[in-house]
Amino acid sequence: MTLLTIENLDVDLGGQPILDNIHLTLGRGEIVTIVGPNGSGKTTLLKTIIGALSPAWGRIRRSPGLVMGYVPQRLHLDATLPMTVDRFMRLPGRHSRAGIDQALESAGAAGLGKLQMSSLSGGQFQRILLARALLGSPDLLILDEATQGLDQQGVIDFYHQLESVRHELGCGVLMVSHELHVVMRTSDRVVCLNRSICCEGTPEGVASSAAYQTLFGQGVPDALAVYHHDHSPRPTLQELAS
Ligand SMILES: Nc1ncnc2c1ncn2[C@@H]1O[C@H](COP(=O)(O)OP(=O)(O)OP(=O)(O)O)[C@@H](O)[C@H]1O
C-alpha cells in the first residue's frame, strides 16, 4: 500500500530554489533513507512532507487518514528543567498510560519513565524521541538524523530498533542519515539527494552508481561486500570490524 507519493516537487526558501523536481513514493513496511551532502535539502524535504513547509510547485499525496510520527534533527531541553521521561511523554496529551508504556517498549525504552530527561544518555534520549513519535501508532515514521551524536554501536542499536518498530507496527520509515555504512545495511531503498534526486534504488544499486560515488567516494560497496542483510542477531562492532 502506498503511503506517500511526491510528484514534481519544487521547494524555495528565502527566495532561493532548494528542491527541484522531486519524485518519490513510499509504501507501508518500507525503510527508505535519504542521503546527501550538507545543505542538499534533506531536512527541507522532510519538513515539506510533514507539512511544515509549502511546495513552490508539485504535490504531495498522502494516503487518506495517514498518521505521521516525526523525530526532529535536534531537540534542546534546558538541563536545569526538572522533567521526567513520563512527563515528557505526556506533553503531547491525549495518550493513555498504556499507550505511553507501549510506545516506550516499542522504542526499546521501557523502564526509563521515572528518569530525568537531563540524566539520559544520548542513545536513551533518542529512544525517547522515537517513543514520542510512536504515540498514536504512525503509519509513516519520519526521522531526521536521529542518530546524530551517538557512537557507532549506539547507531547500530538504534537502527535495529527501527527495524523492529517497522516489523511490529508495519509502518513505513523515511529517514535522513549521514551514517552511510549503517544506512546501506538497514534500508530497503536509498535516495541520494543533492537538491534533486541524483540516484535511487537498492542500497547495492545506489552504492555502485556513478552519481553516488561522485558524492561519497567508493568505500561503501566494500562495506556491503562483507555484510549480508539479516534481521538477527545484531552485528557487534567486533563483527563489523573483522
Ligand atoms: N529558512 C531558510 N531560509 C533560507 N534558506 C534556508 C532556510 N532553511 C534552510 N535553508 C537553506 O536550504 C538549503 C538546504 O538546507 P537543509 O537543511 O534542507 O539541508 P540538509 O541536506 O538537511 O543539510 P544538513 O545535512 O547539513 O542537515 C541550505 O543551503 C540551507 O542554507
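**Talking through strands, helices and a ligand shell**

Modeller: Let's start in the strands: L9 has I22 as its bridge partner in β2. Before going on, this is a predicted model, where local features need pLDDT of at least 70 and side-chain atom pairs count only at pLDDT 80 or more, while totals for chains, interfaces and linings use all residues. Numbering runs from 1 along each chain as its sequence is written.

Biologist: What makes β1 and β2 a pair?

Modeller: Pairing takes at least two bridges found by DSSP between the strands. β1 (residues 2-13) and β2 have eight, in the antiparallel sense, so they count as paired. One of the matches is T5 with T25 of β2. By the way, strands here are DSSP runs of E, at least two residues, and helices are runs of H or I, at least four, numbered from the N terminus.

Biologist: And what is there in the hairpin of β1 and β2?

Modeller: Two residues lie between the strands, and G14 has a positive phi near 55 degrees.

Biologist: How do you know that β1 and β4 pair?

Modeller: Five bridges join β1 and β4, antiparallel again, and T5 stands opposite R61 in β4. The order of this open three-stranded sheet is β2-β1-β4. β2 and β4 (57-62) each have a single partner strand, which is why they are the edges, with one side lacking a neighbour in the sheet. From one strand to the next, the twist averages 15 degrees.

Biologist: Which strands does α1 lie across, and at what angle to β1?

Modeller: α1 lies across β1, β2 and β4, at about 120 degrees to β1. Angles run from 0 to 180 degrees between N-to-C directions, using axes fitted to C-alpha atoms (for helices, over the stretch in contact).

Biologist: In the six-stranded open sheet, what is the order?

Modeller: β5-β6-β7-β3-β8-β9, with mixed pairing. β5 (68-71) and β9 (196-201) are the edge strands, since each has a single partner, so one side of each is without a neighbour. Within this sheet, β8 (residues 189-194) runs antiparallel to β9 over five bridges, and C192 faces C199 of β9. α1 packs on this sheet too, touching β3 (31-35), β6 (140-144), β7 (172-176) and β8, with a direction about 150 degrees from that of β6.

Biologist: Why are α4 and α5 called roughly parallel?

Modeller: Roughly parallel is under 35 degrees, roughly antiparallel over 145, roughly perpendicular 65 to 115, and the rest oblique. The axes of α4 (residues 122-134) and α5 (residues 152-169) cross at roughly 20 degrees and come within 10 Å, so α4 and α5 are roughly parallel. Their crossing is right-handed, that is, the near helix is turned clockwise from the far one by less than a right angle (anticlockwise would be left-handed).

Biologist: Which residues make the contact of α4 and α5?

Modeller: G122, G123, Q126, R127 and L134 come from α4, with G154, D157, F158, Q161 and V165 from α5. Contact here is C-beta atoms, placed from the backbone, within 7 Å. By class, three are nonpolar, five polar and two charged.

Biologist: What surrounds the ligand?

Modeller: The residues are L13, G14, Q16, I18, G36, N38, G39, S40, G41, K42, T43 and T44, where near means a backbone-placed C-beta atom within 6 Å. β2 (16-27) and α1 (42-49) each give two or more residues, and α1 gives the most, with three.

Biologist: How does the shell around the ligand divide by class?

Modeller: Two nonpolar, nine polar and one charged.

Note on methods:
Two residues are in contact if their C-beta atoms, placed from the backbone, lie within 7 Å. Ala, Val, Leu, Ile, Met, Phe, Trp, Tyr, Cys and Pro count as nonpolar, Asp, Glu, Lys and Arg as charged, and the others, Gly among them, as polar.
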